[in-house]
Amino acid sequence: MLKIKDLHASVEGKGILKGINLEVGAGEVHAIMGPNGSGKSTLASVIAGNETYEVTAGGIFLDEENIEDLSPEERAHNGVFLSFQYPVEIPGVSVTNFMKTAINESRKAKGLEDMPAKDMLKLIRDKSELLEIDRKFLSRSLNEGFSGGEKKRNEIFQMAMLEPKLAILDETDSGLDIDALRIVANGVNKLKNKDNAIVVITHYQRLLEYIVPDYVHVLYNGKIVKSGTKELALELEEKGYDWIKQEAAV
Amino acid sequence: MAYTEEELKKELETKEYEYGFYTDIESDTFPIGLSEEIVVAISKKKNEPKWMTDWRVEAYRVWEKMEEPDWANVNYEKPDFQAISYYSAPKKADPNKTLDDVDPELLEMYKKLGISIDEQKKLQNVAVDIVVDSVSVATTFQKTLAEKGIIFMPISEAIQKHPDLVRKYLGTVVPTTDNFYAALNSAVFTDGSFCYIPKGVRCPMELSTYFRINQAGTGQFERTLVVADQESYVSYLEGCTAPSRDENQLHAAVVELIAMDDAEIKYSTVQNWFPGNKEGKGGVYNFVTKRALCEKNAKVSWTQVETGSAVTWKYPSCILKGDNSIGEFYSIAVTNNYQQADTGTKMVHLGKNTRSTIISKGISAGKSQNSYRGLVQVSSRAENARNFSQCDSLLMGNECGAHTFPYIEAKNKTAMIEHEATTSKIGEDQIFYCNQRGIDTEKAIALIVNGFSKEVLNKLPMEFAVEAQKLLEISLEGSVG
């Protein structure tokens, strides 16, 4: 489903991604781990089409189609979803209104009419139950005054609403206590099916106890330096990243 | 395309004035220039009683000695008052005609503006008194209103039919000598609306008036007078759009509201006069004096959505004369390209336990300048006066300006005055977040701006809120999509 070939990207002339190769198939869960500053969040932003970053070489393919020229919203319409590490606040815009706009904009792009209010309400009800979200929460301004946990749960709620083909979860576990982590992870697991794919970006193995990856990749200095199965995550947890760095240096 | 400062700038620059069309209607236009003779001629043309003619002449003589104010934070070429024609009326209009008799071109113009004078309005419970240039051409729902004893008609008609009422209240809130533009308006106004709600009556529908400048080179000087007698209630809507013209047009209106004991007036405005093109050429000069007098336990709410005009100078105010009276001001002012707005309110607390609330939302884009100017004044006799003010500014791009000039004068120690202010900018991260959820930049800006303005939009009557939201989008988005 997702194919990344020799991807190079830079910000303000500084190279961050230095030749990423990655293939993610439908129904798979991939974890990307790595020390701080290795380029994990950059990779997520570049896949989502953030133009702060310049793609200098290589390409990103979604269902065999190069998405290089697609705007972030077009990528979203094609099923790319990014759960942000730091979700932004939009004062005065309720979670419900934001989701309604997002869903209808995607429908519009596909030539569909707005979702009927009745269906929208049902969808919101179902998905908020899935993530154990209090309905009152949905009338609050988007991310304004939300706790870290609320923000992350709200991201996954949006993922549930939009039902993306490819979901990238950028450090969704940071700022979550153990209960919130379980709820969020359960939500993600319920959303997982044979047709979609999930890329989990994380520092810690903790989240992977709940969202079990099929593959684990280690990103270091803008490259994937090691790939393996979930056992690799356990090894990293135990030994840290230093041995990876040493291996990469050789 | 993802959003960048540069792209936003480009997008905003390509915005064109959506209502920029011009309808060719034969008009009965006076020669240009202003003199005592012209003032008398206007009065004569309108068959006014002598007291009205005298009142105008007096105003003219005062105006002649006045100087145009220049304390506002706006820069523009002062209009040449001798280059303006002071009377223009659509020739074929006649208030006694039915809709079938109305100039089809005029009806077409209303259609473009989305104004329907037909049954739809009835369903929406809106009575419309439309002013094109200076003469009202269509008035509906007079009957329903008449049954309640409510008077709602063009002010020129009210001068003929209810001279005592008009004479009693005209100029009592905004005297002819009040300021340069008010004096000018008093001398030369040709029409506007008059509304009287009798004692104890709740007006059953929103009263609305659409104003529109049409004839080239003619200014419009509306005069609005709303009198709410004791324990009455009225909600009044005023919406404006103007066609695109090359030269600057002067618009100097006066609105007077009188809320007697226990009465309530809600006055809502959506203003969308031509703002000028993207080089700052053309556009309406909007110099408006709006003021309300609140007697005992009375309440007046001003709500305005200002998106148009090249230069705006406007301070809808409340004189809280009666004890326990309440004044409210809710404002959204949008400026783009080279637009300049200096707007705000005055809350003058004279009575005991008077309260006022000010919520101002300024949105600046392009190279525009947006100023909030407000005065909260508590007199020595106003025990326990309360005020809360909140002024928020939202900036788009790097070349616009937002300014806040709050003046507070408290002469009574029991006064409690609060002022809050914030300034924020639409961030690239906010836009990208919306983009990532499938919302394009244009829609994202609209969403963020609407969220920012929500507290004020919520104060508008439902059908107006929708229109206002649309206007905000038109004013700030590019022609993308």
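In the counts by class given here, Ala, Val, Leu, Ile, Met, Phe, Trp, Tyr, Cys and Pro are taken as nonpolar, Asp, Glu, Lys and Arg as charged, and the others, Gly among them, as polar. The structure described is a predicted model.

**The largest cavity**

By that division, the lining of the largest cavity holds 4 nonpolar, 10 polar and 2 charged residues. The space enclosed there is about 100 Å³, and of the 16 residues that line the largest cavity, those closest to its centre are B:Ser360, B:Gly362, B:Asn370, B:Ser371 and B:Tyr372. Five strands of chain B, namely E17 (326-335), E19 (355-364), E20 (369-378), E21 (386-395) and E22 (401-410), each give at least two residues to this lining, with the largest share, 4 residues, coming from E19(B). The count of cavities of 30 Å³ or more comes to 6.

**The interface of chain B and chain A**

The contact draws on 20 residues of chain B and 32 residues of chain A, and the area buried between the two chains is about 2200 Å², with carbon and sulfur atoms giving 63% of that area. Between chain B and chain A there are 11 residue pairs in polar contact, both residues being at pLDDT 80 or more. On the side of chain B that touches chain A, the elements giving two or more residues are helix H10 (428-436) and helix H11 (441-457) of chain B, and by class this side has 9 nonpolar, 6 polar and 5 charged residues. The rule finds 1 salt bridge across the interface, in which the side chains of A:Glu155 and B:Arg437 meet at 2.6 Å, N to O.

**The largest pocket**

The largest pocket has a volume of about 700 Å³, and of its 24 lining residues the closest to the centre are A:Asn97, A:Lys100, B:Leu447, B:Asn450 and B:Gln469. Strand E7 (90-94) and helix H3 (95-109) of chain A, together with helices H11 and H12 (462-476) of chain B, each contribute at least two residues to the lining of the largest pocket. Helix H11(B), which also gives two or more residues to the side of chain B that touches chain A, provides the largest share of the pocket lining, 7 residues.

The three sets of residues are listed by class below.

| Set of residues | Nonpolar | Polar | Charged |
|---|---|---|---|
| Side of chain B that touches chain A | 9 residues | 6 residues | 5 residues |
| Lining of the largest pocket | 8 residues | 9 residues | 7 residues |
| Lining of the largest cavity | 4 residues | 10 residues | 2 residues |

Methods: Residues numbered from 1 in each chain as written. Chains lettered and ligands numbered in written order. Predicted model: local features only at pLDDT ≥ 70, side-chain atom pairs only at ≥ 80, totals over all residues. Heavy atoms only, no water. Contact = heavy atoms within 4.5 Å. Buried area = accessible area lost by both parts, 1.4 Å probe. Salt bridge = Lys/Arg side-chain N within 4 Å of Asp/Glu carboxyl O. Polar contact = N/O pair within 3.5 Å; in protein donor to acceptor, adjacent residues only side chain to side chain. 1 Å grid on protein atoms, 1.4 Å probe; cavity = no way out; pocket = protein on both sides within 12 Å on 5 of 7 lines; lining within 4 Å. Points joined across faces, edges and corners; volume = space filled by probe spheres on them.
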